[in-house]
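Student: I am new to this protein and would like to go through its model with you, step by step. Could we take one helix and the aromatic rings on it as our path?

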Amino acid sequence: GGRAALATSSASVPAAGAALRPYRNFGDAVSTIVREEGVMALYKGTVPALLLCSHGAVQFMSYEWLKSESQELLGRSLSSTDYFAIGAVAKIIASVTTYPAQVIKTRLQQREQAPSFNVSTGELKSKEYQWIRYRGTIDCAIKIYHHEGPYGFFKGCAPNALRVAPGAAIFFVIYEGLSDGIRSLER
């Protein structure tokens with residue numbers, strides 16, 4: 001919506017060759033988007049955002065499966081270090097699994113100007129920007145695949161996974177500690 005557009009785009013879409021003007025505030029962002037792109041532009045990225053709701057489910061399912069497999073493999077109760085590692089891996093699995101939807105959502109919500117990349121190497125072809133307009137989620141996915149190949153859906157995935165994994169790892173250590181504490185109170 002408008003808030004996401006403000007967060008992901010620092011400027012409105014100018015006429016070809018015109019300089020990008022940063023939004024002054026939330027209201028300016030909303031009015032500029034509506035004026036230049038129409039009311040429906042406030043809802044760009046809604047479909048992939050709904051798909052991203054699965055991220056938490058994938059993370060918890062991965063965590064529980066990894067925890068179960070680890071206990072069976074190790075033949076002992078898991079330690080906080082084990083929970084930390086399993087939590088980090090579960091977050092990485094969830095991040096990689098849902099990252100293509102994140103890329104599509106971001107592309108739909110950002111300004112309609114993007115650099116040109118070499119499909120086979122992923123390297124920037126030139127610092128010149130080309131205009132890219134997406135008509136929706138499927139059109140965006142097709143254009144990413146056509147212009148950048150499958151790699152285009154995972155640009156920035158590794159740094160993102162490494163950024164979010166430690167927080168999730170700590171979360172699961174705390175989660176297990178609190179779960180154990182609550183179970184001991186119930187006995």
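Tutor: What follows is a set of questions and answers about a predicted model.

Student: What span does helix α4 reach from its first C-alpha to its last?

Tutor: Helix α4 covers residues 54–74, and its count is 21 residues. At 1.5 Å a residue one expects 30 Å for such a helix, and the span in the model is close to that, reaching 30 Å.

Student: Which residues of α4 are exposed, on the other side from the buried ones?

Tutor: The buried residues of α4 are H55, V58, Q59, S62, Y63, L66, K67 and S70. Because they cover an arc of only 160° around the axis, they lie on the same side of α4. Among what covers these buried residues are α5, residues 80–109, and α7. On the other side of α4, the exposed residues are M61, W65 and E72.

Student: Which residue just after α4 takes a positive phi?

Tutor: Helix α4 runs over residues 54–74, and the residue to look for comes just after the helix. Its phi is about 65°, and the residue is G75.

Student: How is the aromatic pair of F60 and F172 classed?

Tutor: The model holds eight aromatic pairs by the ring rule used here. In the pair of F60 and F172, the centres are 5.2 Å apart and the planes make an angle of 70°. Since planes over 60 degrees apart count as edge-to-face, this pair is edge-to-face.

Student: How many residues apart are F60 and F172 in the chain?

Tutor: F60 sits in helix α4, whereas F172 belongs to helix α7, residues 157–186. The pair therefore links distant parts of the chain, its two members being 112 residues apart.

Student: Is F172 buried or exposed?

Tutor: F60, its partner, is partly exposed, with a relative accessible area of 32%. For F172 the relative accessible area is 0%, and because a value under 20% counts as buried, F172 is buried.

Student: Which ring of α7 besides F172 pairs with F60, 115 residues apart?

Tutor: This second pair is also edge-to-face, at 5.8 Å centre to centre and 80° between the planes. The partner of F60 is partly exposed, with a relative accessible area of 29%, and that partner in helix α7 is Y175.

Student: Which residues do ring pairs link into a cluster with F60?

Tutor: F60 pairs with F172 and also with Y175. Ring pairs link F60 into a cluster with Y63, F171, F172 and Y175.

Notes
Residues numbered from 1 in each chain as written. Predicted model: local features only at pLDDT ≥ 70, side-chain atom pairs only at ≥ 80, totals over all residues. Heavy atoms only, no water. Phe/Tyr/Trp six-rings, centres within 6.5 Å; stacked < 30°, edge-to-face > 60°. Helix = DSSP H or I, 4+ residues; strand = E, 2+ residues; numbered from the N terminus. Buried < 20%, exposed > 50% of the residue type's maximum accessible area, 1.4 Å probe, protein only. Expected span 1.5 Å × (residues − 1). Arc of directions from axis to C-beta. Contact = heavy atoms within 4.5 Å.
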